[in-house]
Amino acid sequence: MKNFLRTVALYLFHLGFVRPVLTWIVGVRYRRRSLVPDGPCLVVSNHNSHLDAGVLMSLFPLRRLTRVHPVAAADYFGSTLFKQALAMWMMNGIPIQRRPTPGQDPLQPLVDKLNQGHSLVFFPEGSRGEAGVVARFRPGIGKLVRQLPGLLVVPVYLAGPEKIWPRGQTVPVPLNIDAIVGKPRTYNPEDGAREIAEQVQHDVLSLAPPPPPPPGEAAQPPQHVAVCGLDGKSRAEAMRAIATRLGRHGTALGLGATLIEASPEGVHETSAPIAHMPYRAWTAMLARLIGANKRFSGPKFSEKIEIARLSEIIGERRSARFVVTDGSALVDLSAWAVAESYRGVFDDRELNRVVEYLAGKQKIPWGKWWSFIRRAPEIWLVNEWSLVRPAIPAVLVLVLPPVGGVMSALRSGGESLEAHQNEEGLERLQQAYRRIAELLRRRHRVVITEFNPLEQGIEALAETVEAELLRQGDRPEVCPREKR
Amino acid sequence: MAQLFGGDTRLVWALAGALTVISVVAFLTRRRGGRFRALPGWAGLWWVMATVLVLLSRSSRWIAFPLLAFMMFASLRAYFSVAPVRPRDRYAILVSYVAIPLILWPAFIGAVNLFQAVVPVVLFLIVPVFLVYGTSERGLLGSMGRMLLGVIFFVFCIGHLALFAGSSHHGLLELFGVLVLASELPQRLAGRPHPGTPWLRPLAGIIIGMFLATGLGYMLAPLAGMPDNDGARAGFLVSVAVTLGALVSEAVATDLKLTSSAAVIGRGATMTRMVPAVYAAPVFFHYVTNFAP
């Protein structure tokens, strides 16, 4: 009977008050709500307001409401009968002792509930704290995770409740709330509790929207450098050297098989390849479906798209001063199309139109669809499906080693050669790259630097690119490190 | 229902036709990115606004006014959520919300003169009082400007739509909707003028919008009981107001540091979608009541 009454109170409160208020008065916007798993999990978030628990509970469908418990401080919510009824009955909370007596394990009730297949809403900061400030997560979350290896932890970042009803205010003011849900993950139970708490805090904070830029002039978009051409190894080395060099003047991101972040403080390179984004699979699938794999393998095509998308996002958010990419969806796809399918067909005007199709500035007219699907399906795919709008680079580095050298390197590799990998095909491709580069130089004022790895040093190339970008950027040229 | 579709419904159908056109355009251009990204959200908002306009014009006030009040509240809330406000501005925000029913009450009872008296007193004299409550005046002027701008856009301007509710203005709200859509669609398709970008296409959008709104005003005004010349002038004035509203909303979005995506599809979108229309509401009202009665 007690359980029945408790369930009725819980549903009445949520259906009659919490959810209508959150929907109509506050206007909560959930992002990636579908990431909340169906099974038991631990939802953790920053905590600035009494609204937080309600917002996080409404991430779950109504049918799971009886199996979701916000963890509430026993000393605060047990202080009066009203608070107790509200937190423990209406909100289905579980009390936790913030100052346990010796020998008492305050986490045991939580472990029991999770073992029973229930989910918990947990605020690792311990209290609401100062409005808009995320306090250091306490190690309790780490201890809980260590006791339950394999427990799925769902990080959520809440933006807005701190303005609506911060600590010390009696009247809430309706404003919007964003609840941003992160990917559920497990933590290594062998790590220390403090270490796990820090990892959880990092996961929650990584969901926070970027802070507004400081007042004054808006940050400038990053300057793009694309390193394109035939020799993959030299391209990657050139990209790394240029990004490292540019890092002296501000944040420079190198996007290739891995991500390089160079700044005056140093250079970091991720060990994992960046090509594991969720949309990689569907881009590759689309490419396979329409047979866009003739020249690029599916994964390679989607890697190009991913790099271009990352570069686009970095540009939109002004997250870096320089972006250096290994390859360019814009240059590579158009050069391949010219070399393979449209050789001798395009005049400069049509070729420029292809560049504009790839850059997303124009749509391919219906009448030309079939021609593109048949001969250069990658371009049609990028354009019609709006996969990406690759930026036109400020500097294009063409890595063009002698074809003979590339062929002997390919033959010595031992792998079977593809149809285009012969002297004539590579020669044609080099000509196509030069033609696209010339077009970009004339029409879009792109600075072209040809690079032959057999004759020039990579450092000299990086220095040339650096000088060119600084000249274009009209930005302070003093490296803080050198200044010191 | 009989009240909704009774009488002359040609202007309702004209509004539905305009909505269909913008929805089809939004659907066809939905994947083009850039300035076209904002079209689906804008079209969606206009279906809601058109419903409110038709209800205001043709249904009981007990149905239409709460809907209008909620629309004002939701847009004001979205604005305050993206505008930086000081913690101590919360009481002024509450007063702004409370002002919504106070503003709508004179319109509900049909007292236009009372509306014109209540708006300046409640909004522009009382709201600032709640901003100066406390000891520190740091940032007061900035706060006051942000607060009152939101109130002007989403309470004062939208409030004028409520004054049309009633039989004496039958059809004018639908006409207003058609004129705003006719002015705004070409502008949105051509893009807004920005410093440093080519101005020819946006200018063409503005001019086409003006011609379209003026022409439609001329043709449709008799259906709302207005002389055709007055309708043409009303269409022209609405398109001018929409243009000015768009310029102002873009500038405010830029100053609020809303990124392009936030201003187009995110939280800041309410402002860029609604302000051009709400800017035109008082202009249309005062022209119709004072110059073309």
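# Worked exercises on a two-chain model

Of the contacts in chain A that link residues at least 6 apart in sequence, 72% join residues at least 24 apart. Please keep in mind as you work that this is a predicted model.

## Exercise 1: Taking stock of the chains

Task: work out how many helices and strands chain A has, and how many chain B has.

Solution. Start with chain A, which has 19 helices and 14 strands. Of its 484 residues, 41% are buried. Now turn to chain B, where there are 12 helices and 0 strands. Its pattern along the sequence is accordingly written α-α-α-α-α-α-α-α-α-α-α-α. Chain B has 293 residues, and buried ones make up 47% of them. For the contacts in chain B with a separation of 6 or more, residues 24 or more positions apart account for 72%.

## Exercise 2: Tracing the sheet

Task: find the order of the 7 strands in the open sheet of chain A, and explain why one side of S11 and of S14 is left without a neighbour.

Solution. Step one is the order, which reads S11-S10-S9-S12-S8-S13-S14 in chain A, with mixed pairing. Step two looks at the edges: strand S11 (266-269) and strand S14 (447-451) of chain A each have a single partner strand, so one side of each has no neighbour in the sheet. From one strand to the next, the twist averages 15°.

Step three picks out one pair. Strand S8 (residues 223-229) and strand S13 (residues 395-399) of chain A run in the parallel sense and are joined over 5 bridges. Within this pairing, Val227(A) is opposite Val397(A) of S13(A).

## Exercise 3: Helices across the sheet

Task: determine which strands helix H9 of chain A lies across, and which strands helix H17 of chain A lies across.

Solution. Take H9 (residues 232-246) of chain A: this helix lies across S8, strand S9 (252-255), strand S10 (259-263), S11, strand S12 (322-326), S13 and S14 of chain A. Its direction is at about 170° to S12(A). Next comes H17 (residues 423-444) of chain A, lying across S8, S13 and S14 of chain A at about 165° to S13(A).

Now zoom in on one residue of that second helix, Arg428(A) in H17 of chain A. Arg428(A) has 18 C-beta neighbours inside 10 Å, so this residue counts as partly exposed. Its C-alpha atom is separated by 8.2 Å from that of Glu340(A), although the two residues are 88 apart along the chain.

## Exercise 4: Two helix crossings

Task: classify the crossing of H6(A) with H8(A) and that of H8(B) with H10(B).

Solution. Begin in chain A. Helix H6 (residues 140-147) and helix H8 (residues 193-205) of chain A have axes that come within 7 Å and cross at roughly 105°. That angle makes H6(A) roughly perpendicular to H8(A). From H6(A), the contact involves Ile141(A), Gly142(A), Lys143(A), Val145(A) and Arg146(A), while the residues from H8(A) include Ala193(A), Ile196(A) and Val200(A). By type, the residues of this contact are 6 nonpolar, 1 polar and 4 charged.

Move on to chain B. The axes of helix H8 (residues 172-190) and helix H10 (residues 228-255) of chain B come within 9 Å, crossing at roughly 50°. H8(B) and H10(B) are therefore oblique to each other, and their crossing is right-handed. Among the residues that meet here are Leu179(B) and Val180(B) in H8(B), and Val238(B) and Val242(B) in H10(B). This contact of H8(B) with H10(B) divides into 6 nonpolar, 5 polar and 1 charged residues.

How values were computed
Residues numbered from 1 in each chain as written. Chains lettered and ligands numbered in written order. Predicted model: local features only at pLDDT ≥ 70, side-chain atom pairs only at ≥ 80, totals over all residues. Pairing = 2+ DSSP bridges. Helix = DSSP H or I, 4+ residues; strand = E, 2+ residues; numbered from the N terminus. Axes fitted to C-alpha atoms, helices over the stretch in contact; angles between N-to-C directions. Contact = placed C-beta atoms within 7 Å. Parallel < 35°, antiparallel > 145°, perpendicular 65-115°, else oblique. Nonpolar A, V, L, I, M, F, W, Y, C, P; charged D, E, K, R; others polar. Buried ≥ 20, exposed ≤ 12 C-beta atoms within 10 Å, placed from the backbone. Left-handed = near helix turned anticlockwise from the far one by under 90°.
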